[in-house]
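User: I would like to learn how to read contacts, burial and strand pairing from a model. Could you take me through them one at a time, giving the general idea and then the case at hand?

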Amino acid sequence: MKTIFAAVALSLVALPSVAQDIEVREAFARATLPNAPVAGGYLTVANHGDRDDRLTGARADFAGEAQIHEMTHSGDVMRMRELPDGVAIPAGQEVHLSTGSNHLMFMRLNRGLVQGDTVTVTLTFEKAGDIDVPFIVGPINARSFDDDGSGRTAPADHGGHSH
Ligand SMILES: [Cu+2]
């Protein structure tokens, strides 16, 4: 009898682990001017699992489309292009999508993003599937999750998300 209980307990513990391999934190978007067509999204993805994963896409109700972009610098010129295959999230590693680097680009915005708001973005991972993540809307020129620009008070709930 003891053995059976132990086996059941083990399987209960083991089941959710797949979903919890991916942790997203410090997700933020930049506020936009009222009629801006696009907005940038930034986040840190940690893969606590033992298998590689990949961020393959994103979607949000405030944007007609969300793409994963790469930023390249040639001389003084910065260029963005879509990464059609997304971004690899290797097992045991942490990947940053940050300003000046790989990032999310929300396109065809149907409303402006207002500083201080929280918006929900659905991230799609090759193995972990869809994960809804709250993105804090930071200042229009925010460079990091902690960048409070002028007069922004950091929310108590930092919007980190693990699921
Ligand atoms: Cu972009």
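Analyst: Let us begin with contacts: two residues are in contact if their C-beta atoms, placed from the backbone, lie within 7 Å. In this predicted model, arginine 30 touches Ala39, Gly40, Gly138, Ile140 and Ala142, when residues up to four places away in sequence are not counted.

User: Where is arginine 30 placed, and is arginine 30 buried or exposed?

Analyst: Arginine 30 has its place in strand E1. A residue is buried if 20 or more other C-beta atoms lie within 10 Å of its own, and arginine 30 is buried because 25 other C-beta atoms are found within 10 Å. Arginine 30 and glycine 40 are 10 residues apart along the chain, and their C-alpha atoms are separated by 5.8 Å.

User: What is the overall secondary structure of the protein chain, and what percentage of its residues count as buried?

Analyst: The protein chain comes to one helix and 11 strands, and, read from the N terminus on, the elements run α-β-β-β-β-β-β-β-β-β-β-β. Of its 163 residues, 27% count as buried. As for the contacts between residues at least 6 apart in sequence, 69% of them join residues at least 24 apart.

User: Which strands does E2 pair with, and in what sense?

Analyst: E1 and E2 pair in the antiparallel sense over six bridges, and one example is valine 24, whose bridge partner in E2 is valine 45. E2 also runs antiparallel to E8, to which three bridges join it, with alanine 39 standing opposite phenylalanine 106 in E8. Four bridges join E2 to strand E7, residues 94-97, again running antiparallel, and here leucine 43 stands opposite leucine 97 in E7.

User: Is E2 mostly covered or mostly open?

Analyst: E2 is mostly covered, with seven of its nine residues buried.

User: How should I read the largest nonpolar core, and which of its residues have the most contacts inside it?

Analyst: The general idea is to look for buried nonpolar residues that are joined through C-beta atoms within 7 Å. The largest such core here has 33 residues, and those with the most contacts inside it are Val24, Phe28, Leu123 and Phe135. The elements that give two or more residues to this core are E1, strand E2 (39-47), strand E3 (53-59), strand E4 (63-74), E8, strand E9 (118-125) and strand E10 (129-138). To take one of the residues just named, leucine 123 touches Val24, Leu55, Ala58, Ile131 and Val133, once residues up to four places away in sequence are left out.

User: Which residues that are not glycine have a positive phi?

Analyst: The background is that most residues other than glycine have a negative phi. Glutamate 26 is not a glycine, yet its phi is positive, about 50°, and arginine 108, also not a glycine, has a positive phi of about 50°.

User: In which strands do glutamate 26 and arginine 108 lie, and how does each count in terms of exposure?

Analyst: Glutamate 26 is found in strand E1, residues 22-30, and it counts as partly exposed because it has 19 C-beta neighbours inside 10 Å, whereas a buried residue needs 20 or more. Arginine 108 lies in strand E8, residues 103-109, and is exposed because 11 other C-beta atoms are within 10 Å, the limit for an exposed residue being 12 or fewer.

Notes. Residues numbered from 1 in each chain as written. Predicted model: local features only at pLDDT ≥ 70, side-chain atom pairs only at ≥ 80, totals over all residues. Pairing = 2+ DSSP bridges.
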